[in-house]
Amino acid sequence: MWWLVLVAAQPAPTVRLSGYIHSAATGEVVRYAQVSADGVAAAAESNADGFFVLSLKAGSHVVRIRGVGYLPLVDTVSLAQSLTRDYRLAPKPFELEEITVSSTRDSSDIDPGSPEMSTARLDIKTVKLVPVVLGESDPIRTLTLLPGVKTTSDFSTGLSVRGGGPDQNLILLDESTIYNPSHVFGFFSVFNSDAVDDVKLYKGAIPARFGGRLSSVLDIRQREGNANEFAAGASIGLLASRVMAEGPLPGKAGSFLVAGRRTYADLFLKLSSNPDLKNNVAYFYDLNAKTNFRLGTTGTLMLSGYFGRDRYGLKDRFSASWGNQAGTLRWNQAFGNRWFSKVTFTMSNYDYGLQFLGSGRDLGWTARIGNADLSVDESVHLGNGNSIEFGAQLTRPDIQPGSIRPVGNSPVVPLDLQPRHGYSPAVHLSHEVELAPWLSVRYGLRLAAFRRLGEATIYQYRNDQPAVYNAALGRYERGQIVDSVRYGAGELISSFTGLEPRVSVRIGLAGTSSLKVSFARTHQYLHLISNTNSPTPVDIWEPVGPYVKPQRADQAAVGWASTLGSGAYDISIESYYKWLSRVTDFVDGADLGLNDRIETELLQGDGRAYGIELYARKRAGKLTGWVSYTLSRTERRVRGITADDPGVNGGQYYPSPYDKTHDLAVVGLYPVGRKWTLSGTFVLSSGLPATYPESRYQYNGLLLVEYGARNANRLPAYHRLDLTLTRTSGSKQLQFGLYNVYNRFNAQSITFRPSDANPLALEAVQSSIFGLVPSISFSFKF
């Protein structure tokens, strides 16, 4: 009978429980839900597509699933072999009474148990309650209320993340690149909150599957649509109206969602009795669409698209149009309860067009940037807390920097700048493993390259210097062309390759706290050519090549994260240091428009960014909200190439255009009765750097201005209070807002002009955008 004893003593085999987690209300996937069994004996997290894998011993287990904004679900499963099972979570009722948080990870977006750090997620319900200008809820504007994230002005949705420029952020909508996230010259972003499901920002410790930008990745996922029943909704505001429809596909084989938004200032202009105003044009629109098809029980085919455009025009004088188009086709498939595969094809395009009329030399100016991208991403579950991700990506950018065409019988000569072509392959591999209950590590590598291709003519300059410092005039001038090389279509011009290590470590501390450390290297092969603090619709992109080299960033961070009071409070402190190489700046007075020798206006140097970020959030009780504070510096240095070339600022470090030493944001939400919510935000920050004139003098009859060191001055401090009162009754919502309650005119820029009293003296002129701005909006669903 001894053999019976041996058989009985053998441990139960390991099996796997896997599946998708959906919302019971709409059937949409629930991202980043926590799955645990038998208390905390085993735990996993659903991925960005709602899929999870949990390894368990054969037998009976109590499974608990928790997601942000959903009621916990408890299920008992008996496993003799690996099992695929989907779960549906019921949404938490949106009540304005006191909220009770029952678990540390039901609603917290700070996870002390994960090595992930330097990330931020937005709850769309909260986004819709936070005060915004003219009542248009905006995920981008809400992100600026978090530590380490800033905008450069009130008329820009271009983000500066840990001191980086707006072009150093990879902005993805369903994995398609969005090159310009702005409407109305930067007042609003292109993201319609009715169509957005999840917003996640990586400020550091960027996963190896992402690349191509230095500072951050903003991963935005659109809603999938209600797979259970047809639903629709609409919103009417002072600026724009929105409509949305969603529902199941025939036979409930999937779901769809269509959402649109349009402003209507141009409709009011047509009511004017002034013929000049009546024929003007001013509006923007967005259209979001998405559909999902189920492929068996473990696969999905997804198709999504975004189309947006701004149009402005002054009758017979000027017109402008710009917009984004983006599309995604993705196949997700789970294999064998442990392998998740994703194949994604995306296409993106951004273009603009201008017309200048009425001068006798009427012309049209167009430009565009686009790309096609194919990626394969694989994830293999080896065990709880042990998984491998790997994949490959191929991106083909296409840039048309500018074309000029005559309008009508204009004598303007047509002009076409050389198009820019290339391709960028990349592969990545990463491994996340829990080495002990108190220690986990995520490490990986990304190998990325860029190949610049013809057809193009590349100029050669004396001493290989496209920009040469003229000591006599004290300024940079174009280098002298000594030759040129013509490259045929598809011929290799330049090639660059970069290895990017990524690692993050979690060390568990007492209770629900942990210490985290990370390092990430990133390269950037596309540069936004703009010498303003805020991106504009007519900025252009330039790929790396013979004279413009790839930018590189090495970022190290250390932080402490904790959830307290059974998940009622989130607290995090992070410190970071970023080393920057070959960052791009511009010569004084750079001419960037329709310039086929753009390298003659560019300078490259190094930089550094460092700071401390504090974040505290209260999730329970009547008063909820958060406080964030960032203390940081961002600096650049451009040294001279020759002995008589002083570089910029004498080759010394100077503040970056995005440097804000202090940045404070306070957000509060408070229920007033059962149907009303009062929300408010207060922001206070240092003014942005600026360069002021130091003297003005006459020389040979000319009045000349001498400026001081670059960015040695600052605009006045910025501060603002916003309030919103929201009434929620079933599926209806009425919202009143006051933006800039105490009517402070914050400086967006300061320019100088000759004084009327003394032409040799200068007087400062401050430009401001918003004073007090009221708003009202009404939304409903049916």
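## Salt bridge between strands 40 and 41

In this structure, D606 has a relative accessible area of 23% and is therefore partly exposed. The model is a predicted one. R637, by comparison, has a relative accessibility of 17% and counts as buried, since the limit for that class is under 20%.

D606 and R637 form a salt bridge in which the closest N and O atoms are 3.0 Å apart. Because D606 belongs to strand 40 and R637 to strand 41, the pair ties together parts that are 31 residues apart in sequence.

## Further salt bridges

Side chains of opposite charge can pair when their charged atoms come close. A second such pair consists of D570 and R619, whose side chains meet in a salt bridge of 2.9 Å, N to O. D570 is located in strand 39 (residues 569–586), and R619 in the loop between strand 40 (602–618) and strand 41 (624–637), so this pair ties together parts 49 residues apart in sequence. D570 and R619 are both buried.

Another salt bridge, 3.4 Å from N to O, joins the side chains of K290 and D174. Here K290 is part of strand 21 (residues 281–295), while D174 lies in the loop between strand 12 (169–173) and strand 13 (176–177), so the pair ties together parts that are 116 residues apart in sequence. K290 is buried, with a relative accessible area of 3%, and D174 is buried with a value of 0%. The structure holds 43 salt bridges. A network of salt bridges links D49, E175, D219, R221, R330 and K342.

## Surroundings of E246

E246 is found in strand 19, which covers residues 240–248. With a relative accessibility of 5%, E246 counts as buried. Its side chain is joined to that of R223 by a polar contact of 2.5 Å.

R223 also appears among the residues in contact with E246 when neighbours within four places in sequence are left aside. The others in that group are G225, N226, E229, F230, A231, F256 and L257.

## Strand 50 and its partners

In a regular strand the side chains alternate between the two faces of the sheet. Strand 50 (residues 732–739) has a covered face made up of Q733, Q735, G737 and Y739. Its uncovered face carries K732, L734, F736 and L738.

Strand 50 runs antiparallel to strand 49 (residues 718–729), and seven bridges join the two. Within this pairing, T726 has Q735 of strand 50 as its bridge partner. The two strands form a hairpin with two residues between them, in which G730 takes a positive phi near 65°. Strand 50 also pairs with strand 53 (residues 773–781), in the antiparallel sense and over eight bridges. In strand 53, V773 stands opposite Y739.

## Internal cavities

Rolling a probe the size of a water molecule over the atoms shows where empty space is left. The count comes to eight cavities of 30 Å³ or more, and the largest has a volume of about 610 Å³.

The lining of the largest cavity consists of 34 residues, with L170, G211, D373, Q393 and T395 lying nearest its centre. Elements that give two or more residues to this lining include strand 12, strand 17 (216–222), strand 24 (339–356) and strand 25 (363–383). Strand 26 (386–406), strand 28 (420–436) and strand 29 (439–453) also belong to that group. Strand 25 provides the largest share of the lining, five residues.

Definitions and conventions:
Residues numbered from 1 in each chain as written. Predicted model: local features only at pLDDT ≥ 70, side-chain atom pairs only at ≥ 80, totals over all residues. Heavy atoms only, no water. Helix = DSSP H or I, 4+ residues; strand = E, 2+ residues; numbered from the N terminus. Buried < 20%, exposed > 50% of the residue type's maximum accessible area, 1.4 Å probe, protein only. Polar contact = N/O pair within 3.5 Å; in protein donor to acceptor, adjacent residues only side chain to side chain. Contact = heavy atoms within 4.5 Å. Pairing = 2+ DSSP bridges. Salt bridge = Lys/Arg side-chain N within 4 Å of Asp/Glu carboxyl O. 1 Å grid on protein atoms, 1.4 Å probe; cavity = no way out; pocket = protein on both sides within 12 Å on 5 of 7 lines; lining within 4 Å. Points joined across faces, edges and corners; volume = space filled by probe spheres on them.
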